[in-house]
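This report describes a structure made of chains, going from strands to helices and then to the way the chains meet. Please keep the sequence and the model at hand while reading.

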2 protein chains.
Amino acid sequence: MATEDNQQKKLSTEPYKGVRDFYPQDMQIERYIFDTMSRVTESFGYSEYSASILEPTELYQSKTNDEIVNEQTYTFTDRGGREVTLRPEMTPTLARMVAGKRHDLTFPLRWYSIPNVFRYERPQRGRVREHWQLNADLFGVSELDAEVEIISLASSLMKAFGAEDNDFEIRMSDRSILTSIFEELKTSEEVQAKVMRLLDKRAKIDDFDTQLKAILGEQSESFVEKLESTSSSSNLELVLSQLKNLGVTNAVIDTSIVRGFDYYTGVVFEVFDTSSENNRSLFGGGRYDNLLSLFGGDKIPAVGFGMGDVTIRDFLETHDLLPPYNARTELFLCTLTQSAKEYAQKLAQALREQDINVEVALSDKKVGDQIKIANKKGIPFVICIGEDEIKNESFTIKHLESGEEKTLKEDAVADYIFSKI
Amino acid sequence: MATEDNQQKKLSTEPYKGVRDFYPQDMQIERYIFDTMSRVTESFGYSEYSASILEPTELYQSKTNDEIVNEQTYTFTDRGGREVTLRPEMTPTLARMVAGKRHDLTFPLRWYSIPNVFRYERPQRGRVREHWQLNADLFGVSELDAEVEIISLASSLMKAFGAEDNDFEIRMSDRSILTSIFEELKTSEEVQAKVMRLLDKRAKIDDFDTQLKAILGEQSESFVEKLESTSSSSNLELVLSQLKNLGVTNAVIDTSIVRGFDYYTGVVFEVFDTSSENNRSLFGGGRYDNLLSLFGGDKIPAVGFGMGDVTIRDFLETHDLLPPYNARTELFLCTLTQSAKEYAQKLAQALREQDINVEVALSDKKVGDQIKIANKKGIPFVICIGEDEIKNESFTIKHLESGEEKTLKEDAVADYIFSKI
C-alpha cells in the first residue's frame with residue numbers, strides 16, 4: 001500500500017495560505033497568552049462564553065464595516081443552500097447571543113471569549129487570515145463607570161503580560177464629538193460611515209484632504225476646523241480622571257482615534273505600543289449602545305474591546321517579554337528491557353495519580369540516547385528502570401541540569417519532585 | 001439611529017443550523033471537559049499543538065473516507081481561487097505537520113490537541129455540524145507498547161471524568177485480521193475500502209448480507225466465514241494482557257469493531273457506554289502506520305484516538321457525572337453611591353492582585369437588589385461599600401449561603417476568602 005502511495009503525487013506539508021500551524025513550542029506561547037487573558041478577565045468577574053465560527057451571512061450585512069463584509073469575509077453557500085460566513089469578528093455573534101436571551105440574563109452582564117476570527121486579506125506582519133482575539137464586554141451600564149472598568153481591564157492585561165506603564169499608551173476619543181459635528185453639518189448616515197472609515201486610516205494615507213473633499217465636498221474644510229478645535233469632551237475628562245484615580249497613568253485624550261467599526265457610539269480607545277520598533281495600535285474598543293436593537297427590543301448599553309493574539313505576541317517579542325519554554329512533563333522514565341517498559345507504565349500510572357506528568361520511553365534506544373531525548377525535550381527529571389529497580393522497588397532519580405541524584409522508594413518520588421520544582 | 005434600525009428587518013438571534021452557542025453555564029461544562037482532557041493527556045507526557053480549521057482541500061482527497069469527503073465536508077473556493085475545506089477531522093492536519101518537520105522533531109512524539117471539526121450532516125442527537133475533539137497521538141513506536149499506552153490513556157480519561165469500570169467497555173479489534181482475509185481473497189484496495197465501510201455500519205443496517213454480496217459477489221460467504229472464525233489475533237492478546245496488568249479490566253476483544261477511516265492498519269478500538277440508555281460507541285482510534293508516507297519519505301508508525309465533546313457530554317449526563325455550576329467570581333462589591341463605585345474599583349484592583357476574582361456593582365439598583373444579583377450569579381461573598389466603609393477602611397464581608405458575617409480590614413479580606421473556599 002505504501003509503495004502505491006509513494007507513486008502517487010506527494011501531498012504538500014504546507015498549511016493553507018495565510019494561516020499558522022502551532023507546533024508545541026508555539027502552542028505553549030499561545031497557551032500562555034490565552035491563560036493570561038482568561039485569568040485577568042475572570043479576576044474582573046467576567047464569564048466565558050463561546051459560539052461556532054459559522055454564522056448566517058446576514059448577521060454581518062447591517063453594521064460591521066462594508067469593506068470587511070464585501071471584500072474580506074470568507075462567505076460561501078452550504079450544501080443546503082444557506083449563505084454562511086466565517087465570523088470576521090466576535091461582536092455581532094455576542095450581540096446575537098445576548099439579544100436572544102435578554103429576558104433570562106442578569107444585567108449588568110460581564111462576558112468574555114477568546115474566539116478565532118477570519119479575514120481574507122493579503123498576509124503581512126501582524127495580519128494573518130485567522131487569528132484569535134480576546135473579547136471582553138460589559139452590557140447594561142450606560143454610565144461612564146463601564147468605560148473606566150473596561151479600559152482598566154485592558155491596562156491590567158498589559159501589565160499581567162509584563163508591560164510597564166511606559167511601554168504602552170491608551171489613547172481615547174469620543175464618537176459623540178463626531179456625532180455633534182455631523183449633526184451640525186446635517187451629514188447623512190452613509191456619508192458619516194465613509195468619513196469615519198477615512199479618519200480611521202488617516203495615519204496611513206497621504207491624500208487625506210483630497211479624499212475627504214471627495215466625500216464631504218464644500219463642507220470638508222469646515223468639518224476639519226470643527227474637529228481640530230475639539231480637543232476633548234466632558235465624558236473623556238471624567239474617564240481620564242477616574243482612570244488616574246485607579247493608577248492608570250498612561251491614558252491620554254487623542255481625538256484622532258476613530259476605530260474602524262460603524263457601531264461605536266461613545267468613548268472609543270486604542271492601546272499603542274510606545275516602542276520605536278513597533279509603534280502601532282495593538283488593540284482597542286469602545287461603547288456601542290445601539291447594536292443590540294438590530295435584533296429588536298430595547299437598546300442595551302455596551303462597552304467592550306478585542307485584543308488579538310498576533311499583535312500581543314509581536315508586542316511581547318519586541319519588549320522581550322515572552323516566557324521561556326518549559327516542558328509540561330516533569331519526569332522521564334528510561335527503560336532497559338521489555339519488562340521494564342511494562343513496569344514503567346505501571347509506575348507512571350501511580351505517579352500520574354499524584355499529579356506528576358510522566359513520559360515512558362518506549363523506544364529500543366540505548367539508555368544514553370534515551371536520556372538525550374529527555375534533555376532535548378527539556379524534561380527535568382529522569383529515572384532509569386532495569387531489573388534491579390524492579391526487584392528492589394527503589395529508584396535513582398536524576399536532575400538533569402544539576403546532575404544531582406537521589407535514591408528513593410516509589411512513594412517518595414512525587415514529593416521529591418514537588419520539593420524541587 | 002436606533003429608530004431607523006428598528007424599522008429595518010430584525011436580525012434573527014438563531015445560530016447557524018446545527019451548531020451550538022455556548023452561554024456561560026454551557027461554556028463552564030465545555031471548559032471542564034477540555035481542562036480534564038488536557039490535564040490527563042499531559043500527565044502521559046503529551047504536548048499540545050494546534051492548527052487552523054482551514055486546510056487545502058487536496059489534504060482530504062487521498063485517505064480519509066470518500067463518503068465524508070464528497071458528501072459531508074464544508075468545501076468552498078476562496079477569493080483567490082483556492083479550494084479550501086474546514087477540517088472534518090484532525091488526523092490529516094496532524095500527519096501534515098509531523099511530516100513537514102519530521103527531521104527536526106524528536107521521536108517518539110506524543111502530541112495532543114482539542115480542535116473543532118466540521119461535518120455537513122443532518123443534525124441529530126450527538127451529531128452536530130461542529131464539535132470539539134481531543135486528539136492524542138503517539139508517533140515513532142511500532143511495538144504494541146504504543147497501543148497499550150494509548151488505550152490506557154483513553155481509560156484514564158474516562159476515569160478522570162468519574163466513570164467506573166462498569167460504566168464503559170473498551171472493544172478492540174485488529175485490522176490485520178481483515179488484511180489477511182483480503183489477501184487470501186485477492187480483494188482490490190477499492191473493494192476493501194467498501195467492505196470496511198460496510199462493516200463499520202453493520203450494527204445500524206438490516207441488509208448487511210445483501211450489501212456485502214453486492215460488493216464481494218460470490219466471495220461474500222467465504223469472507224463472512226473467515227471473519228467469523230477469527231476471534232482474535234496474537235497482537236490483541238498481547239495488548240489485552242498488558243492492559244490487564246495496568247489495571248484496565250474492562251477491555252475486551254471484539255473483531256466486529258472496524259472504525260470508519262481507511263487509514264488504520266493494525267489494532268483499532270472503540271469505547272462503548274454500557275448503560276442501557278446510551279448504549280453506543282463513545283469514541284475510538286487505532287494504529288495508522290502508512291498515513292505519513294502520503295507526504296513522501298519513510299513511513300512513521302502512529303497510534304492515536306479522537307474523543308468528542310458532544311458524546312462525552314452525553315455520557316456525563318447519562319451517568320450523572322456533570323460537575324455542578326460554580327461561579328468563578330468569589331466576591332461581589334455592592335456600591336451605595338458614585339464615590340463608592342470608584343472606591344470599590346480601587347479595592348477590587350487590590351484584591352485581584354491577590355488572586356481574588358471580584359465583580360463591582362455598577363448599576364444604580366438598591367442594595368437588596370444588588371445582593372440578589374450576586375445570589376443569582378452564584379457569587380459566594382458580598383461586601384457593601386458606603387461612606388462608613390470608605391471612612392473606616394473596614395468592611396463587613398457576608399457569606400451569602402450561611403449568612404455568616406465578619407468585619408475585616410482590607411489586607412485581611414483575601415486571606416479570609418481563601419480560608420473559606
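In strand E12(B), Val267(B), Phe269(B), Val271(B) and Asp273(B) point one way, while Val268(B), Glu270(B) and Phe272(B) point the other way, and all are buried. A residue is called buried if 20 or more other C-beta atoms lie within 10 Å of its own, exposed if 12 or fewer, and partly exposed in between, with C-beta atoms placed from the backbone. Because 7 of the 7 residues of E12(B), residues 267–273, are buried, the strand is largely enclosed by the rest of the structure.

This is a predicted model, in which local features need pLDDT of at least 70, side-chain atom pairs count only at pLDDT 80 or more, and totals for chains, interfaces and linings use all residues. Residues are numbered from 1 along each chain as its sequence is written, and chains are lettered from A and ligands numbered from 1 in the order in which they are written.

Helices (H or I, at least four residues) and strands (E, at least two) are DSSP runs numbered from the N terminus. Two strands pair if DSSP finds at least two bridges between them. The table lists antiparallel pairings in chain B.

| Strands | Bridges | Residues standing opposite |
|---|---|---|
| E10(B) (168–174) and E12(B) | 7 | Met172(B) and Phe269(B) |
| E12(B) and E13(B) (281–287) | 5 | Glu270(B) and Gly284(B) |
| E17(B) (381–385) and E18(B) (394–399) | 3 | Ile383(B) and Ile397(B) |
| E18(B) and E19(B) (405–409) | 5 | Phe395(B) and Leu408(B) |

E18(B) and E19(B) form a hairpin with 5 residues between the strands, and there Gly403(B) takes a positive phi near 80°.

Elsewhere in chain B, Thr210(B) belongs to helix H8, residues 208–216. With 10 C-beta neighbours inside 10 Å, Thr210(B) counts as exposed. Its C-alpha is 31 Å in space from that of Ser275(B), and the two residues are 65 apart in sequence.

In chain A, which residues of helix H11 are buried? They are Asp309(A), Thr311(A), Ile312(A) and Phe315(A), in a helix of residues 309–318. Seen down the axis of H11(A), these residues fall within an arc of 165°, so they line one face of the helix; the arc is that of the directions from the helix axis to the C-beta atoms. Among the elements of chain A that cover them are helix H2 (24–43) and strand E9 (130–139). Just after H11(A), Asp320(A) takes a positive phi of about 55°.

Chain A is assigned domain 1 (24–318) and domain 2 (331–420), with bounds from an automatic or database domain assignment. The C-alpha centres of these domains lie 50 Å apart.

The two chains also meet. In chain A, 84 residues are in contact with 84 residues of chain B, contact being C-beta atoms, placed from the backbone, within 7 Å. On the side of chain A that touches chain B there are 33 nonpolar, 21 polar and 30 charged residues. Here Ala, Val, Leu, Ile, Met, Phe, Trp, Tyr, Cys and Pro count as nonpolar, Asp, Glu, Lys and Arg as charged, and the others, Gly among them, as polar. Because 99% of the interface residues of chain A are also interface residues in chain B, the copies meet through the same surface.

Strand E1 of chain A (residues 21–22) and strand E3 of chain B (residues 50–51) run antiparallel and are joined by 2 bridges. Asp21(A) stands opposite Ala51(B).

A turn of 180° and a shift of 0.0 Å along the axis lay chain A on chain B with an RMSD of 0.0 Å. That is the relation of a two-fold axis. In chain A, the C-alpha nearest the axis is that of Phe76(A), at 3.3 Å. Copies are superposed by least squares on the C-alpha atoms of residues with pLDDT of at least 70 in both.

Key. Two residues are in contact if their C-beta atoms, placed from the backbone, lie within 7 Å.
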